[in-house]
Amino acid sequence: MEALKAHKSNTKKEAMLEALEKSLGIVSTAAKMASIDRSTHYAWMKADEEYKKAVHAIEESVLDFAESHLYKLVKEGNPAATIFFL
């Protein structure tokens, strides 16, 4: 019974991680996509170091994505992007 419970939890965690990637790290959106409560995500963050590391890796990739697009806009001479960057 415990093994089944752990497997179900891992499946939900995997679904949440995929949803976080798709939602660019927006927890509320990802939680809805994964059919879990936001509080479940935060409980997993506290209790499961591997899950927490995976979430942080997603956050880093989202930041890299946003920075690369910001740099592109700055190179194109976009004044708002340049001001935001500075």
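1. Lysine 13 is a good place to start: at 12% relative accessibility it counts as buried, where buried means under 20% relative accessible area, exposed over 50% and partly exposed in between (1.4 Å probe, protein chains only). Its partner is aspartate 48, with which lysine 13 forms a salt bridge whose closest N and O atoms are 2.6 Å apart. A salt bridge here is a side-chain nitrogen of Lys or Arg within 4 Å of a carboxyl oxygen of Asp or Glu. The pair links distant parts of the chain, 35 residues apart: lysine 13 lies in helix 1 (residues 2-22), and aspartate 48 in the loop between helix 3 (38-47) and helix 4.

2. A word on the ground rules. This is a predicted model, in which local features need pLDDT of at least 70 and side-chain atom pairs count only at pLDDT 80 or more, while totals for chains, interfaces and linings use all residues. Residues are numbered from 1 along each chain as its sequence is written, and side-chain values use heavy atoms, with hydrogens and water left out.

3. Now the overall picture. The protein has five helices and zero strands, so its elements run α-α-α-α-α from the N terminus on; helices (H or I, at least four residues) and strands (E, at least two) are DSSP runs, numbered from the N terminus. Of the 86 residues in the protein, 24% are buried.

4. Back to the salt bridges, of which the structure holds three. Glutamate 50 pairs with lysine 53, the closest N and O atoms being 3.9 Å apart. These two are three residues apart in helix 4, and therefore separated by about one helical turn. Glutamate 50 counts as exposed at 56% relative accessibility, and lysine 53 as partly exposed at 47%. Lysine 72 forms a salt bridge with glutamate 76, with 4.0 Å between the closest N and O atoms. Here lysine 72 is partly exposed, with a relative accessible area of 48%, and glutamate 76 is exposed at 55%.

5. Helix 2 (residues 27-34) is worth a look down its axis. Val27, Ala30, Ala31 and Ala34 are buried there. They lie on the same side of helix 2 because they cover an arc of only 100 degrees around the axis, the arc being that of the directions from the helix axis to the C-beta atoms. In general, an α-helix has 3.6 residues a turn, so residues three or four places apart point the same way. Serine 35 follows helix 2 and has a positive phi, near 55 degrees.

6. Valine 27 also offers a link to helix 3, where tyrosine 42 is placed. The C-alpha atoms of tyrosine 42 and valine 27 are separated by 9.5 Å, with their positions 15 residues apart along the chain counted as the separation. Tyrosine 42 is partly exposed, at a relative accessible area of 37%.

7. Finally, the surface patches. Patches are made of residues with over 30% relative accessible area and no salt bridge, with like charges joined within 9 Å and nonpolar side chains (Val, Leu, Ile, Met, Phe, Trp, Tyr) within 5 Å. Glu59, Glu60, Asp64 and Glu67 gather in a patch of negative charge. Glutamate 59, in helix 4 (residues 49-75), is partly exposed with a relative accessible area of 39%. Tyr71, Phe85 and Leu86 make a nonpolar patch of about 370 Å². Tyrosine 71 is also found in helix 4, and is partly exposed at 40%.

Definitions and conventions. Areas by Shrake-Rupley, 256 points an atom, 1.4 Å probe, with all protein chains shown as cover. Lys, Arg positive; Asp, Glu negative; His and termini not counted. Charge placed at Lys NZ, Arg CZ, Asp CG, Glu CD.
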